[in-house]
Each structure stands twice: as structure tokens, then as C-alpha cells.
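Colleague: I should like to learn how helices and their packing are read from a model. May we work through an example together?

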Amino acid sequence: MLDLPARPAPATGRLALTYRQLAHACPALTFSLVGEDSADGVPSAGGAPVDGREWIPMDRLASAVERLVDAEAARIRDRHGLAPRPHVAASRLLHHHLWTTSLLISGVWYLEGRIPLLPAGRLWTDAATGDFALRPGGWAPGDEAALRDAVAAHVGPVLAAFQPLVRRGPRALWGMATDDLLSGLWYLGRMLGEEDRAVATATALLPAGARPWTGPANFRREHGGWTRTRQGCCLYYAVDPANPCATCPRRA
């Protein structure tokens, strides 16, 4: 979770303030803000954070993806005590990238009704931990179609970088991206105590036929609460078989 020091936001930091609100609401969303607009004390040199960590810019992901997947495999070994197959480690890391980058855009839109302008060159991932850092820029109002386009512009290159390692075709990959876009908004709504609003928002965001997304959202009521079945699989069951995802297609 992003550390939230008790200091006032700068006059130009409304977007940074919204990111801080998003981080406070979503403990599972791990990222840092960099640059003067962030007011979080993380220095930078006009680019990536300068804190001794190895930050990979997302616009150079393809050249570093194998090394990042190797680091994810090492983290899985540490957490779960097993050595994952290469495509499992790649799928787990891809899910992390899709969920995080989608929520960094859709979460701001959900909170403010504006779409952050987040070029891949303003977003980094830490090679060792998988954490993210971003430099806030501008934002603009936008409807559901504009948000879908903004997120697709981010996740498309991510899917292309991971495809040789996850051993899946384009439709299966966009199914994963669809699931993670929806689940990020759903999670944010639950954390804010407004799950019904988040489900309605996600349902309107991804109607049937909104290519390249493989929607619709298909939320349903079950046992008194909201659920849906994922269209793709993040392969979490392969590293923790006793605890599959609540929306895993493998569940009865």
C-alpha cells in the first residue's frame, strides 16, 4: 500500500491526491508516486524514481519481460514453496500487470469521472518486487468508451510482451484483460462500501461487443452477494490449489 504522509497536497497535485485516495482505499494496489506533483518524498531525475531500485519503464517491457518473469518465479518459490512452470509464473505476473495498470486508470475515472493521461513512459515496474511507480500527468473527462480505449492502449502492448511466455492466443489474453479491468473496479467498490455502484459501473463499462474486450461483465447474484465467472484464468490454482479464486472458471 502507498504510504500517505500527513502533509498538504501541492496546488497542482489534484491528480496526485486522487491517486493517494485510490491507494488508501485499495490496500492490494501497490505503487509509488514520483516527481514534484506527488509530494511523497520520492526523488526522481526527470524520469524513473531514484531510490536504488531497478525500475523498468513500461514502454521497454518487451525487452525485460523474461527477466521479470524469472523474478516472479522466485517470489512464488518463496511464498508457496514450489517451483512454478514458466508459463504459470508468466501468467501470474501478467495478471498482476493487467490488474494494476487497469485500476490505476479506471480507479481515477471511478473516483473523479476523469481519465488520467498515463503514457507508458511515465509508468515503471520494479524488477525485484513487481511493484509499480508512476509520474502523474494530466487528465481529461471521458465516458465509458473513452475509458475502454485508454486502458486498451496500455494493456495491448503488455499482452503482446507476455504472449510468447504465457502460451495463449489473443482472445484468451484479452479475456484476462477483461477480467482484470472488471475485477479492479469491483474491488474498489467493495473497499469503499459501494459494491452495488461498482458492479453497475463495471456492467455499463463493458457491454457485449466492445472489442477487443471479450465482455459483457455478466455479474450475477449468488448466495446473497455479487459474483461472476472469469472469462480467462490467472493460474493461481497452480500455485495454491487449496485456495482457487472465488471467480475461477474451475469452480463448480
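Modeller: Let us begin with burial, bearing in mind that this model is predicted. In helix 1, the buried residues are Leu-15, Ala-16, Thr-18, Tyr-19, Arg-20, Leu-22, Ala-23 and Ala-25.

Colleague: Which elements do the buried residues of helix 1 pack against?

Modeller: Their partners are strand 1 (31–33), strand 3 (114–116), strand 5 (132–134) and strand 6 (139–141), together with helix 3 (86–112) and helix 5 (170–191).

Colleague: What span should helix 1 have?

Modeller: Helix 1 has 12 residues (14–25), so at 1.5 Å a residue a span of 16 Å is expected. The C-alpha atoms at its ends lie 17 Å apart, in agreement with that value.

Colleague: How is the packing of two helices described?

Modeller: One gives the angle between the two axes and the distance between them. For helix 1 and helix 3, the angle is about 105° and the axes are 10 Å apart. Helix 1 is therefore roughly perpendicular to helix 3. On the helix 1 side, the residues in contact include Leu-15, Tyr-19 and Leu-22, and on the helix 3 side they include Leu-103, Val-108 and Leu-111. By class, this contact has seven nonpolar, three polar and two charged residues.

Colleague: At what angle do helix 4 and helix 5 cross?

Modeller: The axes of helix 4 (residues 144–166) and helix 5 cross at roughly 130° and come within 10 Å. The two helices are therefore oblique to each other, and their crossing is right-handed. Among the residues making the contact are Val-151, Val-155 and Leu-159 of helix 4 and Leu-173, Trp-174 and Ala-177 of helix 5.

Colleague: How many charged residues does the contact of helix 4 with helix 5 have?

Modeller: It has no charged residues; 10 are nonpolar and two are polar.

Methods: Residues are numbered from 1 along each chain as its sequence is written. This is a predicted model: local features need pLDDT of at least 70, side-chain atom pairs count only at pLDDT 80 or more; totals for chains, interfaces and linings use all residues. Side-chain values use heavy atoms; hydrogens and water are left out. Helices (H or I, at least four residues) and strands (E, at least two) are DSSP runs, numbered from the N terminus. The expected span of a helix is 1.5 Å times one less than its number of residues. Buried means under 20% relative accessible area, exposed over 50%, partly exposed in between (1.4 Å probe, protein chains only). Contact means heavy atoms within 4.5 Å. Axes are lines fitted to C-alpha atoms, for helices over the stretch in contact, and angles run from 0 to 180 degrees between N-to-C directions. Angles under 35 degrees count as roughly parallel, over 145 as roughly antiparallel, 65 to 115 as roughly perpendicular and the rest as oblique. A crossing is left-handed if the near helix is turned anticlockwise from the far one by less than a right angle, and right-handed if clockwise. Ala, Val, Leu, Ile, Met, Phe, Trp, Tyr, Cys and Pro count as nonpolar, Asp, Glu, Lys and Arg as charged, and the others, Gly among them, as polar.
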